[in-house]
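I opened the model to look up a few side chains and the way the strands are arranged. My entries follow in the order in which I made them.

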Amino acid sequence: MSMRDGRLRLVKVLYRGPRSEVMEVERDGERLALKVVFAEDRELFERFEREVRALGSVDHPNVVRLLEHGSYRGGLGWLLMPLLRGTTLRMRLVERKRPGVARTCRLFSQFARGLGAPHAAGLVHRDEQPRNLVVGSEREGRARGIVLDLGRTLHREHGSASTGSHLAG
């Protein structure tokens with residue numbers, strides 16, 4: 001199955017930004033997240049391709065999974081991922097939802113493991129911020145920390161990743 005099969009049904013738009021949209025879609029009764037990237041220039045399209053490669057090379061419970069992906073002429077790319085139930089850490093901080101110390105430690109331990117997974121695969125995330133960390137809910141009612149958006153990820157070369165005048169790693 002793929003997006004090209006035409007079996008995705010739009011449920012609602014979750015996020016609309018200047019270069020991408022994330023939508024909740026349904027396929028065969030399963031709710032999924034579809035991220036559509038509008039890459040008007042080569043640099044943005046390369047970022048989309050990096051995200052595809054990075055998500056494809058990392059399999060970890062604290063990193064969002066890539067189910068399918070594709071691109072079309074004109075710089076339109078798409079990623080199909082499991083729909084995460086929960087909210088970003090950024091929204092939790094804005095809403096002043098502060099969990100207890102034990103829960104905070106557990107979440108940040110999971111975020112660290114999620115960020116460590118790309119690192120173990122030779123990648124540097126480079127975009128660690130509260131909007132890219134999801135506090136997801138699980139069936140048992142316990143929150144799970146999940147890392148999103150690997151679009152700025154670079155491969156480490158000899159322990160560092162160079163990006164023009166910036167050095168990361």
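**Phenylalanine 108.** I looked up how far phenylalanine 108 is open to solvent: at 44% relative accessibility it counts as partly exposed, a class that lies between buried (under 20% relative accessible area) and exposed (over 50%), with a 1.4 Å probe and protein chains only. Phenylalanine 108 belongs to helix H3, residues 101–120. Helices (H or I, at least four residues) and strands (E, at least two) are DSSP runs, numbered from the N terminus. I then took the distance to valine 135, which is 27 residues away along the chain; the two C-alpha atoms are 9.9 Å apart.

**What kind of model.** This is a predicted model, in which local features need pLDDT of at least 70 and side-chain atom pairs count only at pLDDT 80 or more, while totals for chains, interfaces and linings use all residues. Residues are numbered from 1 along each chain as its sequence is written, and side-chain values use heavy atoms, with hydrogens and water left out.

**Confidence.** I checked pLDDT, the predictor's confidence in each residue from 0 to 100. The chain average is 78, and 79% of the residues score at least 70. Residues 158–169 stay under 50, and for this stretch the model has 17 contacts beyond four places in sequence; a contact means heavy atoms within 4.5 Å.

**Whole chain.** I noted 3 helices and 12 strands. Of the 169 residues, 40% are buried. Among contacts between residues at least 6 apart in sequence, 57% join residues at least 24 apart.

**The sheet.** I traced an open sheet of 5 strands, in the order E1-E2-E3-E5-E4, with antiparallel pairing; two strands pair if DSSP finds at least two bridges between them. Strands E1 (9–16) and E4 (68–72) stand at the edges with a single partner strand each, so one side of each has no neighbour in the sheet. From one strand to the next the twist averages 20 degrees.

**Pairs within it.** E1 and E2 run antiparallel and are joined by 6 bridges. They form a hairpin with 3 residues between them. Tyrosine 15 has valine 22 in E2 as its bridge partner. On the E4 side, I found 5 bridges between E4 and E5 (residues 76–82), again in the antiparallel sense. Histidine 69 has leucine 79 in E5 as its bridge partner. Helix H1 (residues 42–57) packs on the sheet, where it touches E3 (30–38), E4 and E5, and its direction makes about 25 degrees with that of E5. Axes here are lines fitted to C-alpha atoms, for helices over the stretch in contact, and angles run from 0 to 180 degrees between N-to-C directions.

**Cores.** I looked for nonpolar cores, that is, sets of buried Ala, Val, Leu, Ile, Met, Phe, Trp, Tyr and Cys residues joined through side-chain atoms within 4.5 Å. The largest has 18 residues, and Phe48, Leu55 and Leu79 have the most contacts inside it. H1 and E5 are the elements that give two or more residues to this core. H1 supplies the largest share, 6 residues. Another core, of 7 residues, lies apart from it and includes Met23, Val36, Trp78 and Leu80.

**Salt bridges.** My search of the whole structure gave 8 salt bridges, each a side-chain nitrogen of Lys or Arg within 4 Å of a carboxyl oxygen of Asp or Glu. Glutamate 21 pairs with arginine 16, with the closest N and O atoms 3.0 Å apart. Glutamate 21 is buried at 16% relative accessible area, whereas arginine 16 is exposed at 57%.

Glutamate 68 and arginine 27 also meet in a salt bridge (2.8 Å, N to O). Glutamate 68 lies in E4 and arginine 27 in E2 (residues 20–27), so the pair ties together parts that are 41 residues apart in sequence. Both glutamate 68 and arginine 27 are buried. Elsewhere, salt bridges that share partners join Arg9, Glu24, Glu26, Arg31 and Arg85 into one network. Within that network, I listed the salt bridge of glutamate 26 with arginine 31 (3.0 Å, N to O).

**Aspartate 28.** I last looked at the loop between E2 and E3, where aspartate 28 is placed. Aspartate 28 is not a glycine, yet has a positive phi of about 50 degrees. Most residues other than glycine have a negative phi. Aspartate 28 is exposed, with a relative accessible area of 55%.
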